[in-house]
Every structure is written in structure tokens, then in C-alpha cells.
Amino acid sequence: MRNFNEKKLVSKLDKILKKEFGTNLAFHEFSAGYGIADLVFAHNFSFSKRNIKRTPLTDFNSLNIFLALEENKIYNVLEIASIFPHLNERELKTQIRNLVSFGYLEKNGDEFRKIVDINSLSPIQKIIAIEVKLSDHKSGLIQARRYQYFADESYLAILKEAEKNIDIEEFNRHNIGLILFDNKTNTIKIKYPQSNNDICDNSVSIFAKEMMMSQYLVS
């Protein structure tokens, strides 16, 4: 136990939770702009790399432009600029050029049209994020709450012996799940979040999925 640390716990949980969540896709130290999660899983992910026919959108501005444009509607640069006044002209044109280059927008003269179905943007349907601690449940809870902005479910994973110090009602209030790991038996006990995560931001969640897909394609 003396040599057991968070890194080893992460490694053990990776193997166990892949089976629990029905996925072969997990990431260590993953960030979508709201802290760095020790483990992130693509729940029920069964795609292979050859099934993915597009370049993931890993620039948040490009993604937001894509999400804001209506399908089957024609736009010019000025109309797109009016939706994103915080972007200067050079930055806006760069983002539009990238969207055209990656096959998300069709260019016809000075006009643009979205040509990718938003429903096919990612094969990842659900994100599960986990903060891993040996015993510090208070800081673990704070970190796990940050992940709620991009993850459908957020958990703290901690050693089972630390359970006696945890106020489970506090976890319930914040809708954070709890994973208790027994180091003697290499088994887990899961207390799931009490309800759907209403804090999750759609564009941030899609961005996280795009980042996951990008890392998956180069792995």
C-alpha cells in the first residue's frame, strides 16, 4: 500500500471501468477547458478509425461557427461576422477557410452553406469524466464538478477506506457519482449520479467529443 499512488489507481480503474462502461476508448489527463480529468470514457463507443471520414473540429471558434449556422441556409462573410462580432476579420476568414477546407462548409463564390449533418458530428454519444484521488474527497469533488460542463456524467473515484469520511449527501446535491475502489480485492462499487446533468454545455460537450476523436485518430 505504501507504494500505491494515484497513477497506479488510474491504471487499474482504466481496465475495470472500460468493461463497466462498455467502451474501448478512454483518455488519461484529458482537458476540454475545465480542468484536467484523470480519466474520460466514451460510453458505448464501438467505432473504428476507418469509420471516421472527417477531420474533427478542435478549434473552439471554428466549432461554434459551424454550430451557429443553419443547415441549407446561404451566408456571406458579413452575415457570419454579425453572429460572431468578437472575431476580427482576419480571424473570421481563417475559421471559414478551415471549415471549407475540412468539408464542413461549401463555398460558392462569396457565399457559404453548411454541408455536414450536425447529428453525425461525432460517434461519441456520452462522455463520462472521472477525478481520481486516494483520499482527498473534498478537492476531488471540486474537480469533478468542473467536468460537469462537458461530461454527461462526472465521478470521483477514491479508495474504499476513505468512504467513512465522505458526506454522500453532498455528492448527491451536486449530482456527482462516487466510485469506491477496494485495493485488496481489485473491485469497485459505484454510486451513480442522481439525475441527468443539466449543467453540461452543449457546445463545450461537442468540443470535448471532437478533442477525443482527434486524439483517438492519432493514437
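How many of the six residues of β6 are buried? In this predicted model, six of the six are buried, so that strand β6 is largely enclosed by the rest of the structure. The burial applies to both faces of the strand, with I127, A129 and E131 lying buried on one side and I128, I130 and V132 lying buried on the other.

The setting of β6 is an open sheet of six strands, arranged in the order β1-β2-β6-β7-β8-β9 with mixed pairing. The edges of this sheet are formed by β1 (26-31) and β9 (187-191), each of which pairs on one side only. From one strand to the next, the twist averages 30 degrees.

The two neighbours of β6 in this order are β2 and β7. With β2 (residues 36-42), strand β6 (residues 127-132) pairs in the antiparallel sense over four bridges, and within this pairing I130 of β6 is the bridge partner of L39. With β7, by contrast, β6 runs parallel, and the two strands are joined by five bridges; here I130 stands opposite Y155 of β7. The connection from β6 to β7 passes through helix α5 (residues 137-146), and the resulting β-α-β crossover is right-handed.

Helices also pack against the sheet. Helix α1 (residues 6-21) touches β1, β2, β6, β7 (153-159), β8 (177-182) and β9, and the direction of α1 makes about 20 degrees with that of β2. Helix α7 (residues 202-218) lies across β1, β2 and β6, and runs at about 125 degrees to β1. Strand β6 is thus among the strands touched by α1 and among those that α7 lies across.

Turning to the loops, two asparagines were found with positive phi values. The phi of N72 is near 65 degrees, a positive value in a residue other than glycine, and N72 is located in the loop between α2 (60-68) and β3 (74-76). N175, likewise not a glycine, has a positive phi of about 60 degrees and is placed in the loop between α6 (168-173) and β8. The surroundings of these residues were assessed by accessible area: N72 is exposed, because its relative accessible area of 63% is over the 50% cut-off, whereas N175 is buried, because its relative accessible area of 11% falls under the 20% cut-off.

Terms used
Residues are numbered from 1 along each chain as its sequence is written. This is a predicted model: local features need pLDDT of at least 70, side-chain atom pairs count only at pLDDT 80 or more; totals for chains, interfaces and linings use all residues. Side-chain values use heavy atoms; hydrogens and water are left out. Two strands pair if DSSP finds at least two bridges between them. Axes are lines fitted to C-alpha atoms, for helices over the stretch in contact, and angles run from 0 to 180 degrees between N-to-C directions. Contact means heavy atoms within 4.5 Å. Buried means under 20% relative accessible area, exposed over 50%, partly exposed in between (1.4 Å probe, protein chains only). A crossover is right-handed if, with the strands pointing away from the viewer, the path from the first strand over the helix to the second runs clockwise.
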